[in-house]
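Visitor: Could you take me through the sheet in this one, strand by strand, with whatever packs on it? I'd like a close look at that part, plus enough of the surroundings to place it.

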Amino acid sequence: SKKILLIPAAGVGERMKIGYPKQYYPLFENRTMLEVTVNRMLGMSIFDRVAVVVSENDAYIDRCRFEGAVEIHRCGGDTRAQSVLNGLTALHAEPDDWVFVHDAARPCIDKESIVRLVDTIESEAVDGAILALPVTDTLKWVNDDAMIEKTIDRSRCFRAQTPQVFQAQALLTALQNAIEPVTDEASAMEMQGARIKVVEGSAFNIKVTYPEDLKWVRSYINQLSL
Ligand code: CTP
Ligand code: MG
């Protein structure tokens, strides 16, 4: 089975407040965030196919320069999950191909983390795996009035990152059947009772969400190798 990288890049970047989608922010050496993310992934030589989902009216993608073969699918949806579902459909993957879904907005992804994901799906009996980090703060569960009801066992809590990897057919079915809104692929797969392993991610692999996240990413990207 193939390893396919699917990058949703059809968001509008509302919280970033730069007036255009954040994936096209010039991040490093005159390259946009999307180019940095995709080119780092291409440089890892792990994926058999690399695909990017952009919105139908995207005015920036044609100017991107990628350092390898990249499929562009102009079928983004109104939500991240819809963009992933539309992209997955457009891929026409084999049912057992492994699809790694990775946010365009996480340009600091490192090869070691990807290798840990690959090792997990290739050597363990799982339906999928996601990168995640343990929580270090004490966690409080509160009511509607912000009053603490209890303390959560943080050793059981992880912060989900991307990539998240699942087999193409299973992910397609899960996203089609997801009734509640889902913010990541794993949530849709969890609803199907899938066995999904949490794999150690990296603190550098942050998602650029707010303008202040950029300064971290700029300093990380200067220090990171693949
Ligand atoms: N994304 C997408 N299609 C959407 C919404 C998001 O492909 N309809 C992508 C974004 O381009 C990004 C990733 O999903 O690479 C993570 O989403 P997020 O960080 O929320 O980006 P935006 O939705 O663009 O930002 P915001 O929520 O602030 O508008
Ligand atoms: Mg969003």
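Guide: Sure. First, a word on confidence: this is a predicted model, and the protein chain averages a pLDDT of 97, with 100% of the residues scoring at least 70. The scores for the model are ipTM 0.99 and pTM 0.97.

Now the sheet. DSSP gives the protein chain six helices and 11 strands, and seven strands make up an open sheet with mixed pairing, in the order S5-S4-S1-S6-S10-S7-S11. At the edges you'll find S5 (71-73) and S11 (196-200); each has a single partner strand, so one side of each is left without a neighbour in the sheet. Going across, neighbouring strands are turned by 25° against each other on average, if you ignore direction.

Let's zoom in on one pair. S7 (residues 128-134) and S10 (residues 158-167) run antiparallel and are joined by six bridges. Pro 134 sits opposite Phe 158 in S10.

Next, the helices that pack here. H2 (residues 80-91) lies on the sheet and touches S1 (3-8), S4 (49-53), S5 and S6 (98-101). The direction of H2 makes about 140° with that of S1. H4 (residues 168-177), for its part, lies across S6 and S10, and runs at about 120° to S10.

While you're on S10, look at Pro 163, which has its place in that strand. The peptide bond leading into Pro 163 from Thr 162 is cis, with omega near 5°. Another backbone spot worth a look is Lys 17, in the loop between S1 and S2 (26-28). Phi of Lys 17 is near 55°, a positive value in a residue other than glycine. For context, most peptide bonds are trans, and most residues other than glycine have a negative phi.

Then there's the ligand. Ligand 1 has 22 residues around it, and the ones that come nearest are Pro 8, Gly 11, Glu 14, Arg 15 and Ser 83. Two of these names tie back to the sheet story: Pro 8 falls within the range of S1 (3-8), and Ser 83 within that of H2 (residues 80-91). By character, the shell around ligand 1 splits into eight nonpolar, eight polar and six charged residues.

Stepping back to the whole chain, the C-alpha atoms fill a box of roughly 50 × 40 × 35 Å along the principal axes. A compact globule with 226 residues would have a radius of gyration near 17 Å, and the protein chain has 17 Å, so the two agree.

How values were computed. Residues are numbered from 1 along each chain as its sequence is written. Chains are lettered from A and ligands numbered from 1 in the order in which they are written. This is a predicted model: local features need pLDDT of at least 70, side-chain atom pairs count only at pLDDT 80 or more; totals for chains, interfaces and linings use all residues. A residue is near a molecule or strand if its C-beta atom, placed from the backbone, lies within 6 Å of it. Ala, Val, Leu, Ile, Met, Phe, Trp, Tyr, Cys and Pro count as nonpolar, Asp, Glu, Lys and Arg as charged, and the others, Gly among them, as polar. Two strands pair if DSSP finds at least two bridges between them. Helices (H or I, at least four residues) and strands (E, at least two) are DSSP runs, numbered from the N terminus. Axes are lines fitted to C-alpha atoms, for helices over the stretch in contact, and angles run from 0 to 180 degrees between N-to-C directions. Two residues are in contact if their C-beta atoms, placed from the backbone, lie within 7 Å. pLDDT is the predictor's confidence in each residue, from 0 to 100. The radius of gyration is taken over C-alpha atoms; the globule rule is 2.2 Å times the number of residues to the power 0.38.
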